[in-house]
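Student: I've got this structure open and I'd like to test the vocabulary against the numbers. Can we go through it label by label?

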Amino acid sequence: MGMTLVEKILAKASGKRSVSPGDIVMAKIDTAMVHDITGPLTVNTLEREGIEKVWDPEKIVVLFDHQVPADSINAAENHILMRKFVKKHGIKNFYDIREGVCHQVLPEKGHVVPGTVIVGADSHTCTHGAFGAFATGIGSTDMAAVFATGELWFKVPETLYFNITGDLKPYVTSKDVILHIIGEVGFDGATYKAVQFGGETVKNMSIASRMTMTNMAIEMGAKTGVIEPDEKTINYVKEVMKRHGRERPFEVIKGDEDAEYEEVYEIEVDDLEPVFACPHAVDNVKPAREVAGKPIDQVFIGSCTNGRLEDLRMAIRVIEEYGGIADDVRVIVTPASREVMLAAMEEGIIQKFYKYGCVVTNPSCSACMGALYGILGPGEVGVATSNRNFRGREGSLDSEVYLASPITAAACAVKGELVDPRDL
């Protein structure tokens with residue numbers, strides 16, 4: 001019997017000829033990442049256990065993205081703790097407050113390549129599966145074990161395959177596709193499964209759009225989300241390596257043709273419409289026209305889901321086409337990284353956002369984490385391009401968050417209410 005993409009990666013990482021779903025394997029880790037929220041817990045665990053040396057400082061990435069710049073004494077203390085840890089262990093892959101969101105920065109800087117095992121102390125580490133890697137979020141104490149040994153055990157997951165076909169219509173994006181899938185499968189429909197996205201629609205997507213898909217795999221309970229690497233993947237990785245002067249060999253691993261999937265879903269998108277994930281669950285997905293007309297207070301465009309250059313381009317195109325944003329709506333724009341910010345500035349996108357009255361913040365997790373920028377107050381309604389809309393996710397427990405694509409979010413900013421972008 002053949003193996004799926006995830007099975008083949010885990011077999012390679014654990015030194016086995018083959019693995020099957022349910023097997024317990026001890027896999028060697030290729031890249032391990034912590035940020036300013038989860039890193040201190042990892043460091044404190046290492047110190048408590050008397051671990052004086054990390055397994056490989058070249059394979060550890062430390063990045064600040066949640067509370068940047070420090071917004072409290074506690075945050076500043078955490079930053080100091082992590083800076084000391086980085087210096088003590090000679091960790092070169094350290095990105096202080098200036099770079100942006102970890103899930104965007106890692107592939108931009110060449111830390112993500114096909115066929116590898118990537119762990120991050122953040123649930124949306126599954127984003128990196130867009131590059132044909134096995135990438136998953138783990139807890140801070142598990143990360144301490146990785147820092148000490150370079151290995152971690154996994155139960156080999158079953159794989160759900162989503163064969164996505166058809167052409168996306170204007171105003172419909174990969175965000176609508178993944179929200180539609182989550183709405184169909186449910187928030188727990190893929191618990192501890194690997195979800196693999198394939199088909200002609202995915203092949204035609206940009207790398208950025210694919211990252212949006214895998215980013216939200218965790219929102220249906222998945223252990224990871226993966227897309228088989230192709231020419232686009234290889235060209236992206238090689239270009240990044242060249243730009244940053246990195247030399248890192250990698251193996252393009254693909255699943256076998258006779259691989260067995262737990263279930264295959266046929267997703268046809270020719271007739272897919274813009275959608276919202278409505279409060280207070282990511283799987284509470286409804287067509288935009290079904291909930292249109294509800295007044296809103298804030299729009300957030302950014303996050304590790306939709307803060308990339310193509311997302312900012314989509315959003316500003318809508319705002320510019322319709323002459324600006326509604327007077328009584330706040331719009332917060334947060335590029336996912338410094339590279340995205342600089343590229344958007346070169347194209348004049350940031351200037352246009354300012355021109356139309358949007359607030360542009362430094363690259364960070366921003367409003368997505370509900371503790372830094374753009375906190376919603378009691379009774380307020382927000383539209384966000386981020387990945388979660390749980391009660392209190394972006395502020396008050398009495399606020400509401402609707403998740404949408406950058407196009408739909410921008411249309412809501414223009415209209416001042418929930419709207420299908422086709423109806424502006």
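Student: Why are H12 and H15 called roughly parallel to each other?
Tutor: Keep in mind that this is a predicted model. In it, H12 (residues 309–321) and H15 (residues 406–415) pack at an angle of about 30°, with their axes 8 Å apart. Angles under 35 degrees count as roughly parallel, so the pair gets that label. Their crossing is right-handed.

Student: Which residues of H12 and H15 meet?
Tutor: On the H12 side you'll find Asp311, Met314, Ala315, Val318 and Ile319, and they meet Pro406, Ile407, Ala410, Ala411 and Val414 of H15. The contact divides into 9 nonpolar residues, no polar ones and 1 charged. Asp counts as charged, so Asp311 is the charged one in that list.

Student: What makes a set of residues a nonpolar core, and how many residues does the largest one have?
Tutor: The members have to be buried nonpolar residues joined through side-chain atoms within 4.5 Å. The largest such core here has 41 residues, and Phe276, Val299, Ile319, Val331, Phe353 and Val383 have the most contacts inside it. H12 and H15 each supply at least two residues of this core, as do, among others, strand S14 (298–302) and helix H13 (338–346). Apart from it lies another core, of 39 residues, including Val6, Ile9, Ile60 and Ile138.

Student: Which residues is Val383 in contact with, leaving aside its neighbours within four places in sequence?
Tutor: Among them are Phe276, Val299, Phe300, Tyr402, Ala409 and Leu418. Gln298 is on the list too, but Gln isn't one of the residue types that a nonpolar core admits.

Student: How do you know that Ser303 is buried?
Tutor: Its relative accessible area is 1%, and buried means under 20%, so Ser303 qualifies. Ser303 lies in helix H11 (residues 303–306) and has a positive phi of about 90° although it is not a glycine.

Student: And what makes Ser366 buried?
Tutor: The cut-off is again under 20%, and Ser366 has a relative accessible area of 0%, so the label fits. Ser366 also has a positive phi, about 55°, without being a glycine. You'll find Ser366 in the loop between strand S16 (359–360) and S17.

Student: Where are the cis peptide bonds you'd point me to?
Tutor: One joins Val68 and Pro69, with omega about -15°; Pro69 lies in the loop between strand S3 (60–63) and helix H3 (73–89). Another joins Pro279 and His280, with omega about -5°, and His280 sits in the loop between strand S12 (275–277) and strand S13 (285–287).

Note on methods: Residues are numbered from 1 along each chain as its sequence is written. This is a predicted model: local features need pLDDT of at least 70, side-chain atom pairs count only at pLDDT 80 or more; totals for chains, interfaces and linings use all residues. Side-chain values use heavy atoms; hydrogens and water are left out. Axes are lines fitted to C-alpha atoms, for helices over the stretch in contact, and angles run from 0 to 180 degrees between N-to-C directions. Helices (H or I, at least four residues) and strands (E, at least two) are DSSP runs, numbered from the N terminus. Angles under 35 degrees count as roughly parallel, over 145 as roughly antiparallel, 65 to 115 as roughly perpendicular and the rest as oblique. A crossing is left-handed if the near helix is turned anticlockwise from the far one by less than a right angle, and right-handed if clockwise. Contact means heavy atoms within 4.5 Å. Buried means under 20% relative accessible area, exposed over 50%, partly exposed in between (1.4 Å probe, protein chains only).
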